[in-house]
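Me: Could you take a close look at one part of this protein with me? I'd like to know where it sits and what it touches.

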Amino acid sequence: MLLLCNSVNALAQASKADITAEYSDGIKSITLKVIENKTTDVAKLEAIHDWIVFRTEYDVEKFLNHDLSVPKNIETIKGRLAVCTGYTELMNEMCYWAGIKCITISGYAKNENTDLGDKFYLDTHCWNAVLLNNQW
């Protein structure tokens with residue numbers, strides 16, 4: 001399972017206008033540029049993962065407002081902000097265009113607001129699962 005985590009990188013410092021202008025022709029086009037010259041699914045997946053995390057910051061304000069709404073993927077790219085749903089949905093679509101099977105796994109993430117003995121919970125987080133070499 002591949003977990004997308006917040007990452008700080010020099011590439012993340014490019015302006016929103018630069019990203020929007022560079023990738024104005026849609027997710028499919030972006031994906032094909034990102035995976036260009038990658039010959040294996042593992043290399044494609046690594047390139048997609050890195051492209052997403054190096055260009056997207058975790059949206060702390062959205063998280064603190066308990067907003068788990070799913071933005072359109074192009075909005076995630078242009079805004080360069082996402083919570084787990086934004087990361088996972090963008091990864092799903094980019095993997096689709098790369099020919100890699102990828103799904104969202106919803107689950108429960110304990111935090112400071114959770115009682116350790118709590119037996120009732122709602123899905124509060126999501127991750128990606130990717131099928132590589134016939135294994136999830």
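Reply: Ser106 lies in strand S3, so let's start there and work back along the chain to the helix before it. Ser106 counts as partly exposed because its relative accessibility is 46% (buried means under 20% relative accessible area, exposed over 50%, and partly exposed in between, with a 1.4 Å probe and protein chains only). In sequence, Ser106 and His125 are 19 residues apart, yet their C-alpha atoms are 5.9 Å apart in space.

A word on the ground rules: this is a predicted model, in which local features need pLDDT of at least 70 and side-chain atom pairs count only at pLDDT 80 or more, while totals for chains, interfaces and linings use all residues. Residues are numbered from 1 along each chain as its sequence is written, and side-chain values use heavy atoms, leaving out hydrogens and water.

For orientation, the protein has six helices and four strands (these are DSSP runs numbered from the N terminus: H or I of at least four residues for helices, E of at least two for strands). Read from the N terminus, the order of elements is α-α-α-β-α-α-β-α-β-β. The protein has 136 residues, of which 38% count as buried. Of the contacts between residues at least 6 apart in sequence, 63% join residues at least 24 apart (contact means heavy atoms within 4.5 Å).

Stepping back from S3 (102-107), we reach Ile100, in the loop between H6 and S3. Ile100 counts as buried because its relative accessibility is 5%. Setting aside residues up to four places away in sequence, Ile100 touches Asp41, Lys44, Leu45, Cys95, Val130, Leu131 and Leu132. One of these, Leu132, is 32 residues from Ile100 along the chain, with 7.7 Å between the two C-alpha atoms. Just after H6 comes Gly99, with a positive phi near 80 degrees.

That brings us to H6 (84-98) itself. This helix has 15 residues and spans 21 Å from first C-alpha to last, close to the 21 Å expected at 1.5 Å a residue (the expected span is 1.5 Å times one less than the number of residues). H6 is mostly covered, with 11 of its 15 residues buried. They are Cys84, Thr85, Gly86, Tyr87, Thr88, Leu90, Met91, Asn92, Met94, Cys95 and Ala98.

Two of the helices that H6 meets are worth following. With H3 (41-55), H6 packs at an angle of about 145 degrees, the axes being 10 Å apart (axes are lines fitted to C-alpha atoms, for helices over the stretch in contact, and angles run from 0 to 180 degrees between N-to-C directions). The crossing of H3 and H6 is right-handed (right-handed if the near helix is turned clockwise from the far one by less than a right angle, left-handed if anticlockwise). Lys44, Leu45, Ile48, His49, Trp51 and Ile52 of H3 make this contact with Tyr87, Leu90, Met91, Met94, Cys95 and Ala98 of H6. In the H3-H6 contact, 10 residues are nonpolar, one is polar and one is charged (Ala, Val, Leu, Ile, Met, Phe, Trp, Tyr, Cys and Pro count as nonpolar, Asp, Glu, Lys and Arg as charged, and the others, Gly among them, as polar).

The other partner is H2 (27-34), whose buried residues are Ile27, Ser29, Ile30, Thr31 and Val34. Their cover includes H3, H5 (73-79) and H6. The axes of H2 and H6 come within 9 Å and cross at roughly 70 degrees, and H2 and H6 are therefore roughly perpendicular (the class for angles from 65 to 115 degrees; under 35 is roughly parallel, over 145 roughly antiparallel, and the rest oblique). The crossing of H2 and H6 is right-handed. From H2, Ile27, Lys28, Ile30, Thr31, Leu32 and Val34 meet Leu90, Glu93, Met94, Trp97 and Ala98 of H6. The H2-H6 contact contains eight nonpolar residues, one polar and two charged.

Finally, two asparagines deserve a glance in your viewer. Asn37, in the loop between H2 and H3, has a positive phi near 70 degrees despite not being a glycine, and is exposed at 73% relative accessible area. Asn134, in the segment after S4 (125-130), also is not a glycine and has a positive phi of about 60 degrees. Asn134 counts as exposed, with 74% relative accessibility.
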